[in-house]
Amino acid sequence: MTTFYFVRHGKTELNLSLRFQGGDIDSPLLPIGIEQAIQAGRYLCDLSFDAAFVSTQKRAMDTANYILKENNFLDGLTLNYYDSLREIKFGKREGAEIDHTDEQTSHLRQRPDLYDPVAFGGETIDSLVARSTQTIEKISEEYPDGKILIVAHGVLLITLINSLVGKEKAKWREGGPLANTSITILQKEYKQKNYTIKSFNDISYQTKNEEA
């Protein structure tokens, strides 16, 4: 059985200012984003990961590095960076303030089956899910009994996760948005098609650490 630990990157400046932050733009982790990543690392510190796969965008790479610095079992860990795990591309909207009254923004969040980014040169949901799914399927074949850390992005992860568990396209954003550094655990039996959710959008460790 392959067990995937999907983690969204820590909170960034563009997250705070409510701007589009897709696959062609980056902003630094905020101090709270760094702290979130460190807390996630401490929460996962006793897991012996067989491999880690990370988006090639800096906010995800930095988050992964903070997580792994806290891990007690780094010897022999394979760390891989994949363009296919980059966030959905928003085209001309990259860095722009999010207009919550915009029809396509509404579709992206609530009805991804209706989302059409052609007017602003963005990436389609189908493209996003196809490239990320191909990577996850390849990993599950390479590590049929592995524990795998995936660090990527909000839109990519929620659509990917919902697709992997068999939801129809109209529901690929169901349960979103994922919180920054939230942990979602999926499992897949070797040679089986279906994925099973064991934990979803978990940030309970943040509360525990704040209370401590």
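**Briefing: pocket, cores and helix H3**

The largest pocket has a lining of 22 residues, and those nearest its centre are Arg8, Ile98, Arg109, Val155 and Pro177. The space in this pocket amounts to about 480 Å³. The structure is a predicted model. The points below cover the pocket lining, the nonpolar cores and helix H3.

**Pocket lining**
- Helix H1 (13–16), helix H4 (103–110) and H6 are the elements that each contribute two or more residues to the lining of the largest pocket.
- H4 gives the most to this lining, with 3 residues.

**Nonpolar cores**
- The largest nonpolar core comprises 32 residues, and Phe4, Phe6, Phe53, Ile136, Ile139, Ile148 and Ile150 have the most contacts inside it.
- Two or more residues of this core come from each of S1, S2, helix H5 (125–142), S4 and helix H6 (154–164).
- H6 gives the most to this core, with 7 residues.
- Leaving aside residues up to four places away in sequence, Ile150 touches Phe4, Tyr5, Phe6, Val7, Phe53, Leu85, Ile136 and Ile139.
- Another core, of 18 residues, lies apart from the largest one; among its members are Leu44, Leu47, Ala60 and Tyr205.

**Helix H3**
- Helix H3 (residues 58–69) has 12 residues and, at 1.5 Å a residue, should span 16 Å; its end C-alpha atoms are 16 Å apart, in agreement with that expectation.
- Arg59, Ala60, Thr63, Ala64, Ile67 and Leu68 are the buried residues of H3.
- Viewed down the axis of H3, these buried residues fall within an arc of 160°, so they line one face of the helix.
- The packing partners of the buried H3 residues are strand S1 (2–8), helix H2 (31–43), strand S2 (51–55), strand S3 (78–82) and strand S4 (147–152).

Methods
Residues numbered from 1 in each chain as written. Predicted model: local features only at pLDDT ≥ 70, side-chain atom pairs only at ≥ 80, totals over all residues. Heavy atoms only, no water. Helix = DSSP H or I, 4+ residues; strand = E, 2+ residues; numbered from the N terminus. Expected span 1.5 Å × (residues − 1). Buried < 20%, exposed > 50% of the residue type's maximum accessible area, 1.4 Å probe, protein only. Arc of directions from axis to C-beta. Contact = heavy atoms within 4.5 Å. Core = buried A, V, L, I, M, F, W, Y, C linked by side-chain atoms within 4.5 Å. 1 Å grid on protein atoms, 1.4 Å probe; cavity = no way out; pocket = protein on both sides within 12 Å on 5 of 7 lines; lining within 4 Å. Points joined across faces, edges and corners; volume = space filled by probe spheres on them.
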